[in-house]
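Reader: I'd like a close look at one part of this model, the aromatic rings and what sits around them. Could you walk me through it?

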Amino acid sequence: MQITFCCAATDAEPWLNELRAALPGATVSLWQSGAPAADYAIVWQPPQVFFDEQPQLKAAFNIGAGVDALLRLNIAPTTQLIRLDDAGMGAQMAEYVCHALIRHYRDFDADDTDQHAGIWQQREVLPRSEMPVGIMGLGVLGQRVAKAVAQFDFPVNGWSRTAKVVPGVRCFSGADCFHDFLAASRVLVSVLPATPATRDLINRDTLQRLQPGGYLINVARGSQLVEEDLLALMESGHMAGAALDVFRTEPLPKDHPFWMHPKIHITPHSAALTIRSESIAQIASKLAALHSGKPVAGLVDRQRGY
Ligand code: NAP
Ligand code: GLV
């Protein structure tokens, strides 16, 4: 079995070594233009020429959860696209969202400011019933986040394309229920994939429908947020702030107003990083399943866009 590896901005050597150890029956090589035809690929943001030269691939394993970059390319319909499901990202996403939510809810930033000013001051805490959290996307990562938030006794709403039942979560589904979901939420968390349907979804109208003093946590993709609408609603006081991990342009341009905004926390698209060992273990087990004709989790539906 020939496996080709083509991952932008990734140190290939440790991946190649660990893949070779995990797949002793396979030949694993770093792709370069003109490389021989492979059976399978392991990719992250590959260039179009990669798929142009490898139309025979049976499957391409994306070493991330989001496949938006892959779906912008022309890929032979016979190549199955398979994404990571969880592979260690669920726990990271849960800790990121809980951290951002609790920092905001408990106003820990104000405690930091007080510390540096030498001020000893306690603050009142709102009842949790006044901080309902709405999670958009109840897939592999969204459900993990929802369960973690529910552990802290916040009311949790969830919204997905198709109906779901998640213990401890009030579930809404489809476009018809979107406004009800927003009206029931004060904190909005996005764990949605980037698709044509989710582009610009977090806009002025969406944010205005949140309960006053809204807070946004975007750990999904920057294309979902109309950034100037968020800034305007923070100016008006409707939105209390945001924790943003993803942006329309990444890296975030040096002169972007988010950098210095007092109510915005930013991180460099690192809410849930790919963990090499867990990803390789998952890919190895999916390859074995593919070989024995068993179903594989994380198959991308190109029509749906995720
Ligand atoms: P997933 O398992 O495919 O879940 C996607 C969820 O979104 C599903 O519940 C799906 O609904 C819902 N959804 C999709 N389109 C929708 C729409 N138009 N309206 C309502 N709901 C919709 O994906 P995942 O593994 O949880 O990952 C989610 C995303 O997180 C990735 O696509 C990626 O963009 C992002 N991500 C970011 C980082 C980071 O570090 N910032 C790391 C990893 C992933 P159904 O269940 O009904 O299909
Ligand atoms: C990271 O953003 C991913 O999609 O895995």
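To start with, which residue lies over the face of Phe154, and at what distance from the ring centre?

Author: Keep in mind that this is a predicted model. The residue you're after is Arg128, which lies over the face of Phe154 at 5.2 Å from the ring centre. There's another arrangement of this kind to look at: Arg304 lies over the face of Tyr306, with 3.9 Å to the ring centre.

Back to Phe154, since it also has a ring partner. The model has 10 aromatic pairs, and one of them joins Tyr105 and Phe154 edge-to-face, with 5.0 Å centre to centre and 80 degrees between the planes. Tyr105 sits in helix H4 (residues 89-105), while Phe154 is in the loop between helix H6 (140-151) and strand E7 (156-160), so this pair ties together parts that are 49 residues apart in sequence. Both Tyr105 and Phe154 are buried.

Now for a stacked example. Phe178 and Phe181 pair up at 6.3 Å centre to centre, with 20 degrees between the planes; that angle counts as stacked because it is under 30 degrees. Here the two partners lie in one helix, H7 (residues 178-183), three residues apart, or about one turn of the helix. As for burial, the cut-off is under 20% relative accessible area, so Phe178 counts as buried at 8%, and Phe181 is buried too, at 0%. If you follow the ring pairs outward from these two, you get a cluster of Trp159, Phe172, Phe178 and Phe181.

Helix H4, where Tyr105 lies, is worth following a bit further, into a pocket. H4 gives the most to the lining of the second largest pocket, with three residues. Helix H5 (108-117), strand E11 (239-244) and strand E12 (264-266) each supply at least two residues to that lining as well. The space in this pocket comes to about 340 Å³. There are 20 lining residues, and the closest to the pocket centre are Arg103, His104, Asp107, Tyr215 and Ala240. If you're thinking about its chemistry, the lining splits into eight nonpolar, four polar and eight charged residues.

So, to retrace the route: Arg128 lies over the face of Phe154, Phe154 pairs with Tyr105, and Tyr105 lies in H4, the helix that gives the most to the lining of the second largest pocket.

Note on methods: Residues numbered from 1 in each chain as written. Chains lettered and ligands numbered in written order. Predicted model: local features only at pLDDT ≥ 70, side-chain atom pairs only at ≥ 80, totals over all residues. Heavy atoms only, no water. Phe/Tyr/Trp six-rings, centres within 6.5 Å; stacked < 30°, edge-to-face > 60°. Helix = DSSP H or I, 4+ residues; strand = E, 2+ residues; numbered from the N terminus. Buried < 20%, exposed > 50% of the residue type's maximum accessible area, 1.4 Å probe, protein only. Lys NZ or Arg CZ within 6 Å of the ring centre and 35° of its normal. 1 Å grid on protein atoms, 1.4 Å probe; cavity = no way out; pocket = protein on both sides within 12 Å on 5 of 7 lines; lining within 4 Å. Points joined across faces, edges and corners; volume = space filled by probe spheres on them. Nonpolar A, V, L, I, M, F, W, Y, C, P; charged D, E, K, R; others polar.
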